[in-house]
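This report describes the fold, the core and the confidence of one chain. The structure is shown first.

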Amino acid sequence: MSRKKLPSAQRRPRQSSSESDGTGAVERPTTRGDHHNVYVVFLRNPRGDGKAAYYVGMTGLSPEQRFQNHKQGIKAARIVRRCGERLVPRLYAHLNPMSFEKAKHMEIALADSLRKRGYVVYGGH
């Protein structure tokens, strides 16, 4: 089944996404496949040594909904369920949303960036 391309006057405008929670995210146009997000969770003392860490992940949900799923045990990373305190939007909000392929690469890059800065990082694979 093929789709006919409509003249530009009849096409629906691209939707745009924006953050209204004060994170400073810039409004960006999105396409149909741009609904994936990377996210960072602050972990309280996961190794029991008094040091904090981060968990980096990616999702097709909003980061807030994904964090709630972790805490409720729904497809949860054990470390986030046990030690996850809060999301850290200043580390990821400016990157979202993106395509699935870009999110896969960005998850790895974001985790590597935090590791290079000396943080203990879980996830990011």
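From the N terminus on, the elements follow the order β-β-β-β-α-α-β-α-β, giving three helices and six strands. Helices (H or I, at least four residues) and strands (E, at least two) are DSSP runs, numbered from the N terminus. The model is predicted: local features need pLDDT of at least 70, side-chain atom pairs count only at pLDDT 80 or more, and totals for chains, interfaces and linings use all residues. Residues are numbered from 1 along each chain as its sequence is written, and side-chain values use heavy atoms, with hydrogens and water left out.

The largest nonpolar core (buried Ala, Val, Leu, Ile, Met, Phe, Trp, Tyr and Cys residues joined through side-chain atoms within 4.5 Å) has 27 residues, of which V40, V41, L43, Y55 and V80 touch the most other members. The elements below each supply at least two residues of this core, and β3 gives the most, with six residues.

| Element | Residues |
|---|---|
| β3 | 37-43 |
| β4 | 53-59 |
| α2 | 78-83 |
| α3 | 100-116 |

Beyond four places in sequence, V41 is in contact (heavy atoms within 4.5 Å) with residues including A53, Y55, F67, V80 and L87.

Buried residues (under 20% relative accessible area, 1.4 Å probe, protein chains only) make up 36% of the 125 residues in the chain. Among contacts with a separation of 6 or more, 58% join residues 24 or more positions apart.

The average pLDDT (the predictor's confidence in each residue, from 0 to 100) is 83, and 74% of the residues score at least 70. Over residues 8-27, pLDDT stays under 50.

How values were computed. Buried < 20%, exposed > 50% of the residue type's maximum accessible area, 1.4 Å probe, protein only.
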